[in-house]
Every structure is written in structure tokens, then in C-alpha cells.
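This report takes one model in short sections. Strands come before loop residues, and aromatic rings come last.

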Amino acid sequence: MNTPIYTEQVDKLQIKVFADRKQMGAAAALAVADCMKKLLAEKETIRMVFGAAPSQNEFLDTLTRIVDLPWDRVEVFHMDEYIGLAPGAEQRFSLFLRRKLFDIVKPGKVHLLDPKRENPREECERYAGLFEAEPIDIICLGIGENGHIAFNDPPVADFADLETVKVVELDQACRQQQVNDKCFAEIEEVPTHAVTLTVPAMMSGQYLFTVVPGSNKRSAVYHTLRDDISTKCPASILRTHENCVLFVDVDSLPVDM
């Protein structure tokens, strides 16, 4: 169980394909747990970043049920947040991760993004300071339908970004995905702006684990693996990372693989 049915490497990126999203999520969680144990055998604490999306459900569920992880020695971040949502809004990524992971495993330190509508750049500066204080060990992420990583959509992604956290305007495809994921009833409800870790910030993690299930992500996975490395598909940059694994299921597997 949880054995890939197919593997491939594209440039430096390792791809592991699973029969269904449950096996994919479980395998990704076990791989992350093994990496955590390895790093925590070498140093006292580690720093991790998590993405918040329904695509991460199976991965997060398995991760919370691995009983021998010393979460009290883990400092956690998340990678993006909408601007303008009410503090208790169900769609807030911080709330998603608290419910799905942080409140269950109780990490030693939890850093949540909370951008205020009036001055979101102030929150970018605060969070960047926390993020940059020490190296990031592990980043657990997904890929958007338009190829984004975090909220770095094609129009705003910058592989040489000088910022660590920035304000972005979300493109139409990204906002529509939030409706497709049933996070919002209609696109007019989806905020137009967010704060996000930039592409260089995402790539700064020592180990990246990318979890991408579902047929609605097949096109994004195809462009990630087969297109030139460019901001037309921001996730294509993952092919340059020394320690990145992409977990997909048969539904998100491109037809040419």
C-alpha cells in the first residue's frame, strides 16, 4: 500500500504517481514525516511551511495521525492569505490549517498571516521578518489550476523577486478555482487580493513536498513538467529544486505519462 505505480524524473524534480488520492496523500505524509525525523535527529528544531487547500486534505489527515512526531520542536508557517476577509471567515487559510493540522498536532510555534485591508504591506514586512529569521527546512505545497505556487499566479510570479512576502492581485483563473473547490459560492465572493510568499521564498526550503491530486489539476501538472521553465507556469520552477518531490494520483497524471 502507498507504493507508487509509476515514477519519473523531469530535470531535478522527482514524480511519484499513485492509484488514488488517498494513497497519494498518505505516501506524501509518510515521506514528510520521515524527513522531519531525519532533520530532528540532526538539530533541535525545524521550520516548516504548509499550503491550505482541499487538495491537501488526505495528506494533512494522515500527517495528524502519525503519532511519534515531536511537533513541540517544530515552528510552522503558512504561505498565503486573502486580504479583506472577516477574522472568523471560513475561507481563511489560517483557519483551515488550524483545524486540519495546527490545533491537532500543536506545533511549538505557529505563525499565522493576518493581513489587514488598510495596510497589508505592514503584515508582509512582519511575516517576512519571521520567515527570514532562520532557514526553512520543509515546505508542503500544492499547485493551482493555473500553475501557481502559493498565490504566485502567472501575471505576478517573479522567479527573481526581491521580496519575501508581497501583496498580489489574484487572476481570474485563480479566483475561479476557489469556486471550483467549493470554498466560495460564486466568483464575486472571492477576494481580489492576497498576500503570499514569493517564488524565491518558496524555493528557499531545503525540502519541498508537492501534493497535486484530481483531474482539474491535470493541465497544470502537464505544463509544470512539459513546458519551458517560465512564469507562464510558475510551478515549472520546481524542476530546478535539488530536493523536490511531486506526488500525483492517476487523475492528475498527464496523458503523455
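Which residue in β9 is the bridge partner of Glu81? The bridge partner is Val195.

## Basis

This is a predicted model, in which local features need pLDDT of at least 70, side-chain atom pairs count only at pLDDT 80 or more, and totals for chains, interfaces and linings use all residues. Residues are numbered from 1 along each chain as its sequence is written, and side-chain values use heavy atoms, with hydrogens and water left out.

## Strand β9 and its partners

Strand β9 spans residues 193-197. Strands here are DSSP runs of E, at least two residues long, and helices are runs of H or I, at least four long, numbered from the N terminus. Four of the five residues in β9 are buried. Buried means under 20% relative accessible area, exposed over 50%, and partly exposed in between, with a 1.4 Å probe and protein chains only.

β9 pairs with β5 and with β8; pairing takes at least two DSSP bridges between the strands. β5 (residues 80-82) runs antiparallel to β9, with three bridges. β8 (residues 165-169) is also antiparallel to β9, over five bridges. One bridge there links Glu169 to His193 of β9.

## Two residues of the β7–β8 loop

Asp153 sits in the loop between β7 (138-141) and β8. Asp153 is buried and has no salt bridge. A salt bridge needs a side-chain nitrogen of Lys or Arg within 4 Å of a carboxyl oxygen of Asp or Glu. The nearest side chain of opposite charge is Arg175, 8.7 Å away. Lys and Arg count as positive, Asp and Glu as negative; His and the chain ends are not counted. Beyond four places in sequence, the contacts of Asp153 (heavy atoms within 4.5 Å) include Glu169, Cys174 and Pro234.

Ile143 lies in the loop between β7 and β8 as well. Its relative accessibility is 2%, so Ile143 counts as buried. Ile143 and Ser236 are 93 residues apart in sequence, yet their C-alpha atoms are 10.0 Å apart.

## Aromatic rings

Rings of Phe, Tyr and Trp (its six-membered ring) pair if their centres lie within 6.5 Å; planes under 30 degrees apart are stacked, over 60 edge-to-face, and the rest tilted. The count is nine aromatic pairs. Phe93 and Phe151 have ring centres 5.7 Å apart and planes at 50°, so this pair is tilted. Phe93 lies in helix α3 (residues 93-105) and Phe151 in the loop between β7 and β8, so the pair ties together parts 58 residues apart in sequence.

Phe93 counts as buried at 7% relative accessibility, and Phe151 at 2%. Both belong to one aromatic cluster with Tyr82 and Phe184.
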